[in-house]
Amino acid sequence: MEKSGIWYKFKAWSWGRRLAAILALWLAGYTLLYVVWPRLTLIGRSTEHKVHVAFGFHANLYHSFRIDTNDEAGFGKDIRVIRHTIKVFDRLNKAGIPAKAVWDIENLFSLEETLPKHAPDIIRDIKRRIDANGDEVILMSYNNGLVSAMTEREFNDSIKRAISNSRGSGVQDVFGRWTPVVRPQEMMTTPGNFKLYKDLGIQAISLYNSAITFDTFRVFVPELTREQAHNPLRLQVKSTGQDMIVIPTYNIGDLVENVSLGRWVKELHREQLRGNINRDVLVFINFDADDQYWVGLDLPKHLKFLPNTGGIEKLIQEVAGLDYVQFTNLDEYLKHNKPAGDFYFGQDTADGSFNGYNSWSEKSYVHEYWTDLMNDRRADRLVRAVYSYLGRTVPAAVQSDLDTAYERRLRLLSTTNFGMATPYLARARERVVEQLIQVMNS
């Protein structure tokens, strides 16, 4: 008897044909269930909630693995990439796309020493964009500092000088205005810092809630809802009774985790349409201003479709046509959006990858640098204690030596001098650090 029916016909096919049919059915089912159906359920729904997008650029022209020269081996790369970024924003703004940049720039090495001499146009252009295009400058630290390892005096001076200082390199001095938000160097902070920040007028802090565990608070807290993860949160600091507004921040690793910025904002908006998110949300992407990522990859034509490869220009263009996307800066978003909830963590975020200060301490000579720094702190305290015990004022010559040593100590406290995330320091950087310690100890 002749057998018929789909099953018998299927069994009669070759293995290659059967596999192709199974894959086709799976793809059709996946498309229907996970692509088409979720969109069909949103037909007719609307919401006034927006997805706000902000781009942050962390500028520091002092590197552990590059030297102090105006070329690709040194800070020349920073200048090239930052100039490119500014040109892209200018070009897109002229085309009617109101994208804005959030700049955090270290003061001592970049705003005070390198940019005025080698690229004053960058300072002028950022100031122009602040005045005309909605860019903003937020705070970093004056000395690119290892803030969670500073004394209270060092910490306060680092932040105060970042705002304004006698050399005119504070953000208020250079740009005339700034947003009272701080983006710590390497996203490092410790709970004791928050009260100090607030006492100095800082209203919020930008910290990574990133898929990349480097210095991120994500590993210390329960999983946040999408609404919380894309809105300011109120950190309740139990040890001090203080609170601090934290802005969950992301980097290029999170773009990869979410496939692309376009897919990321679309998913957030669908959650708004479904009612799972009942407010505006913010995607704040902040990463090193010198990273080649902002320029893009030079790929052959058949690979240019790949997401996250076209630089800042393609990133902006990817979402510019979506009516629910609004380009913003941190000041604008904070003014109109209250915290989405409270949370708490008590760890130092420099331990976000659970290796303590390994990245800064794994090199043997770094222990020598840190020992010299600690000895200088002790010597300063001892000298002041002796004169205090004797009831005498510290003589002017001695005070001058203490001040000189203190300035060198602040410079030495730059994370760059300890070679974060590299197995070595550039030899030229080692010589700079050794000379710095010699002056500090003299």
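Which backbone oxygen lies 2.7 Å from a polar atom of the side chain of Asn143? Keep that question in mind while you select Asn143 in this predicted model, where the residue is found in the loop between β3 (136-138) and α6 (152-163). The oxygen belongs to Leu410, whose backbone lies 2.7 Å from a polar atom of the Asn143 side chain. Because its relative accessible area is 0%, under the 20% limit, Asn143 counts as buried. If you now display its surroundings, leaving aside residues up to four places away in sequence, you will find that Asn143 touches Glu106, Leu108, Phe109, Met150, Ser158, Leu410, Leu413 and Ser414.

Next, select the helices α6 and α16 (residues 396-412), which pack with their axes 11 Å apart and at an angle of about 75 degrees. That angle falls in the range of 65 to 115 degrees, so α6 and α16 are roughly perpendicular to each other. On the α6 side, show Arg153, Glu154, Asp157 and Arg161, which meet Tyr406, Glu407, Arg409 and Leu410 of α16.

Move then to helix α5 (residues 120-133), whose 14 residues should span 20 Å at 1.5 Å a residue, and whose end C-alpha atoms are 19 Å apart, in agreement with that expectation. The buried residues of α5 are Asp121, Ile122, Ile123, Ile126, Arg129 and Ile130, and they pack against α3, β2 (101-105), α4 (107-118), β3 and α7 (171-175). Just after α5, look at the backbone of Gly134, which takes a positive phi of about 85 degrees.

From α5, select Phe175, which, residues up to four places away in sequence not being counted, touches Ile105, Leu111, Ile123, Ile126, Lys127, Ile130 and Val137. Phe175 is also, together with Phe55 and Leu261, among the residues that touch the most other members of the largest nonpolar core, a set of 104 residues. Helix α3 (residues 76-94) gives the most to this core, with 7 residues. A second, separate core has 11 residues, including Ile245, Leu282, Leu330 and Tyr333.

For the last stop, select Ile277, which is found in the loop between α11 (261-274) and β8 (281-288). With a relative accessibility of 1%, Ile277 counts as buried. Its contacts, apart from neighbours within four places in sequence, are His49, Arg226, Glu227, Leu268, Glu271 and Gln272. Of these, Arg226 is worth displaying with Ile277, since the two are 51 residues apart in sequence and 7.4 Å apart in space, C-alpha to C-alpha.

Note on methods. Residues numbered from 1 in each chain as written. Predicted model: local features only at pLDDT ≥ 70, side-chain atom pairs only at ≥ 80, totals over all residues. Heavy atoms only, no water. Core = buried A, V, L, I, M, F, W, Y, C linked by side-chain atoms within 4.5 Å. Buried < 20%, exposed > 50% of the residue type's maximum accessible area, 1.4 Å probe, protein only. Helix = DSSP H or I, 4+ residues; strand = E, 2+ residues; numbered from the N terminus. Contact = heavy atoms within 4.5 Å. Polar contact = N/O pair within 3.5 Å; in protein donor to acceptor, adjacent residues only side chain to side chain. Expected span 1.5 Å × (residues − 1). Axes fitted to C-alpha atoms, helices over the stretch in contact; angles between N-to-C directions. Parallel < 35°, antiparallel > 145°, perpendicular 65-115°, else oblique.
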